[in-house]
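Work through the following exercises with the coordinates open, and try each task before reading its solution.

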Amino acid sequence: MAAAQSAFGTAVKGFREESAARIVRIDVLLLVAAIGLMACSIYTLGTATEDDIAGSPYYYVLRQSIYGGVGIALMLFTARFDYSRLRELKLGLYGVTLASIGLVFLLGAAARGSRRWIELPFFRFQPSELGKLLLILALSAFVIDRIRRLQDRETTSRVMLLALIPAIMVVAQPDLGSGLVYLAIVITILFVAGTPWTHFAALGGIAAAAVAVVLVAAPAVGVTVLKDYQVDRLTAFINPSDNPQEEGYQLEQSITAIGAGQKTGRGSEEATQTRLDFLPEHHTDFVFAVVGEEFGFAGAAIVLSLFALLIWRALRIMTMSKNLYGSLIAGGICAMLMFQVFVNVGMTIGIMPITGVPLPLMSYGGSSVLVTFLAVGLLQSIHVQARETAAAKGREMII
Amino acid sequence: MYLDSDRRPPITPQLAFRVAVIGGLALIMFAVIFFRLWYLQILSGDKYLADANNNRVREIKVEAPRGEILDRDGRVLVDNRVGLAVKVRPDEIPPPGPRRNALYERLAKTLRMKPAVVRKSVESQFKAQPFVSATVKQDVQFPAVSYLAEHARDFPGVEPEAVFLREYPHHEIGAHLFGTVGEVTKEQLNDARYRGVALGDRVGQSGVEYSYDRFLRGENGKQRVQVNALGVKTRDLRETESRQGRNLRLGIDLDVQEAGQAALGTSRGAFVVINAQTGEVVALGSSPSFDPNIFAKVIRPRDYKRLSAEENGKPLFDRAIQGGYPTGSTFKLITSVAALEGGLITPETPLFDGGSLTVGGVTFNNAGGVAHGSLALRQALTVSSDVFFYRLGLAAENRGNGLLIQDWAHRLGLGRLTGIDLPAEGQGLVPSPAWRNALYKKKLTDRPWSVGDNINLAVGQGDLSVTPLQLAVAYATVANGGYVVRPHLGQRIEDADGRVLQEFETPSRRKVDLDPAYRQAIMDGLYGAANLPGGTSTEVFTGFKIPVAGKTGTAEKGLGRADQSWYAAITYPDDPQYVVVATDEAGGFGAERAAPMVRQIIAALYDAKDDGPSTVSRVPD
């Protein structure tokens, strides 16, 4: 807050004006991208889920709209805060991450063989989603603490360990997708901070060995690390018609849906893959296939462009940040978004394995929507802080 | 505060590089996604669109139950019951190889069949109709079907289907009339008769099921369902309901039909009861009969063989409309008409019956060797004088083209189809010089036509081949004064509640000119035969309450074979109501076997209490 207090011309203004000024300093394009995606999500869900719950055609749309509304409010609220204060709370944030994920094991409601949720009175809270953001904040802070000792292998090992603990916990839920997101986040944060490439090479070697152990060696000696369906999912995309009755089915249906959309889509009424339920999970993990089927290449291009805009702004905010902590957070968020977009979209078009990763802001789901808006709010906060710092220094920022 | 540990110039070259790396990754990522989308949506879009369109939405045929077949009083002759068939879909069965064989084995075990039988049956059905589900077994018990449903995973492509199977509550009674129902054949699909029928639908293949198929068949419904990858229905999409076929009411009287069947017993023979004025068929039966319920399922070859075997009397063979026989003296009706109308005699012309007639060195004897002396037509019919009719045969042979009897036989409906509403009717044969000489030319017979052939024809012996139904039509024509009726079973079409939807009009009758005086003379002769002293069947009908005119017949089947017994009767000869014909292939004299059968049938026809003739009459004719 010191920056704000010493900022020229703002000290004398009231809090109201101060926060108004902060809102003005948000990244408008980032806001447009986030709200645009939310709008696409609500529109797509509106057409795709009409028949899903008999008697309440607006079930998903209504809820997604509420999540979106609350999310936008959360985003604007977060934008007003100085994220830098969160650095001091790193232990608390990390503790909450582990505790909430751990709580799932105690209270988790079983759903499709997974325990990922905590039942709250008004919605199901998915700690692994919030964990993505908390982990970004905590890990970035840990990295900053040891920023001068990045060359030490110990630093890299410690940070990796801090990320692997919750990652392994969510994989055990089992939520393989979130675990992989955590890994993407930690790697990116280390990379942005400046960890030497030799460390990454070593990590890569360890990862390759681990995969070999998990997929080949462990089953051979009778230890099950990944559940069968997870292995099936991971390998199904290589040849979907090998196993058309299981995981390959979802994949084939998704590819068929997207392909059938052609240039401009089949329209919501004619989109049989979605409307007749061939496309599984069309409101959550496979929502991009709905976009592809109903609105075709054109619709998919619009959604992808909004994601590109989102990621471009995140990258830009990385470079603008007033401090390294902001850059690391922005890098982590950027990694989180990129990874989820690529894995989710890649899954629907058959170039990535099925891992149950939601498409940020598009997939139906309160936890994911709120967390993504919180993340965008953090990006906005970094942006606002950077602009204010720049203003305080009397320097013009290039927008 | 500005000297925060992490404070640094806004952007360092290192950070810029790292951001650029991430940005580059993002660029690659979006490029990959766009290229893949381009490939899927723009380049291969047509293929995927086609895939999506015939995706796992399946149209399941909802078979319409066929209409019921009722007798004239509305009693059910044929109805439906629901059975479960197990079918295999060609698009979901594993490809040929060990997996498919394993499926056959599991199926065979579940359905208690032999794996080889299952394989052979299914493969041959797929070969014949590659895109139609093959029936593994019809009428499967429910536990087996529910086992299959519970283990759907182990039975890819296997699905149960509710099918309506025909049920015949009266078993052997009327079995030949109804015919069978079976899957439509490829040839039939090209036939306009079967418009609206799809491959795999079942249609009437014989009997009235065939003749009235378009009414009985109903309209299949369609159910569009979504199925998951296992082929298990997950959601109903849209349904067009099936409409049951219309009920068909026949002119058949179940009581008369039963009486006829009972009268025949285990004999090989047939009976026909038709309305003398309209040709409506009241009863039509053949013996030995069979239980058509075995045709409700796919019949086993063993059963089919048994029902077609000569030694069992070929139960499937409908003697009433397919059996062609010499009719013995019952043919004298036709000879009489021909002789009168052809001017050979008048009703009063006396001819001498000395017990035998010798023509060209061949002697033709009266049956029983009696001599009736000089007699005219009425008396000749009453006592069934063979010599009287031999003389007419001889006279006809020598007059004009010699075809007088043949022409009149033809006019009265012999040697041609009666046009009954049943398929596979026999045409019979009225022997003529042209016919025999053609055979002789091809060396299919030992001699050409001679006068003896015509003499034999005059009394219904020799090569004559007439179906019981044809004989009934000829008698009806004389009885009603010259209308050649077309026998018909179908009376009307009704909906399930019995409301009449369509009444079949009496089919047009061909008219032949019969002089009323000649007709009356013949009717008198027939009346005498059943009622007057000396009449060949007077003994049989003694004490019978229903007025009957009728003619006995005894067809000689050759050395060592029993004679075929015939009787043709007209009830209420003053105002003829019904014609009843019965025959027993090995019944002996007409009065001995066929006439008592007719008495029994007529009693049932008029609901008359009757104990039958008091003695067995062995009057020759």
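The exercises go from whole chains to a strand, two single residues and a cavity.

This is a predicted model, in which local features need pLDDT of at least 70 and side-chain atom pairs count only at pLDDT 80 or more, while totals for chains, interfaces and linings use all residues. Residues are numbered from 1 along each chain as its sequence is written, chains are lettered from A and ligands numbered from 1 in the order in which they are written, and side-chain values use heavy atoms, with hydrogens and water left out.

**Exercise 1.** Describe the make-up, burial and surface of chain A and of chain B.

Solution. Start with secondary structure, where helices (H or I, at least four residues) and strands (E, at least two) are DSSP runs numbered from the N terminus. Chain A has 16 helices and three strands, and chain B has 23 helices and 23 strands.

Next take burial, where buried means under 20% relative accessible area, exposed over 50%, and partly exposed in between, with a 1.4 Å probe and protein chains only. Of the 399 residues in chain A, 58% are buried; of the 621 residues of chain B, 53% are.

Finally take the accessible surface, computed by the Shrake-Rupley method with a 1.4 Å probe, where for residues only the protein chains shown count as cover. It comes to about 15,900 Å² for chain A, with 65% supplied by carbon and sulfur atoms, and to about 27,400 Å² for chain B, with 53% belonging to those atoms.

**Exercise 2.** Place strand β18 of chain B among its partners, and explain its burial.

Solution. Two strands pair if DSSP finds at least two bridges between them. On one side of the analysis, strand β10 (residues 247-250) of chain B runs antiparallel to β18(B) and is joined to it by four bridges, with B:L248 partnered by B:I493. Strand β19 (residues 500-503) of chain B also pairs with β18(B) in the antiparallel sense, over three bridges, and here B:I493 has B:Q502 as its bridge partner. The hairpin of β18(B) and β19(B) has five residues between the strands, and B:G498 takes a positive phi near 90° in it. As for burial, five of the five residues of β18(B) (residues 490-494) are buried, so the strand is largely enclosed by the rest of the structure.

**Exercise 3.** Compile the surroundings of B:L429 and B:E161.

Solution. Contact means heavy atoms within 4.5 Å. B:L429 sits in the loop between α17 (404-411) and α18 (433-441) of chain B, and counts as partly exposed because its relative accessibility is 25%. Its C-alpha atom is separated by 4.5 Å from that of B:G415, 14 residues apart along the chain. Leaving aside neighbours within four places in sequence, B:L429 is in contact with B:G415, B:W435, B:D463, B:L464 and B:S465.

B:E161 belongs to strand β5 (residues 158-167) of chain B, and its 18% relative accessibility is why it counts as buried. With neighbours within four places again left aside, B:E161 is in contact with B:G83, B:L84, B:A85 and B:K87.

**Exercise 4.** Which residues line the second largest cavity?

Solution. The lining consists of B:R166, B:Y168, B:T180, B:V181, B:R202, B:F295 and B:A296.

How values were computed
1 Å grid on protein atoms, 1.4 Å probe; cavity = no way out; pocket = protein on both sides within 12 Å on 5 of 7 lines; lining within 4 Å.
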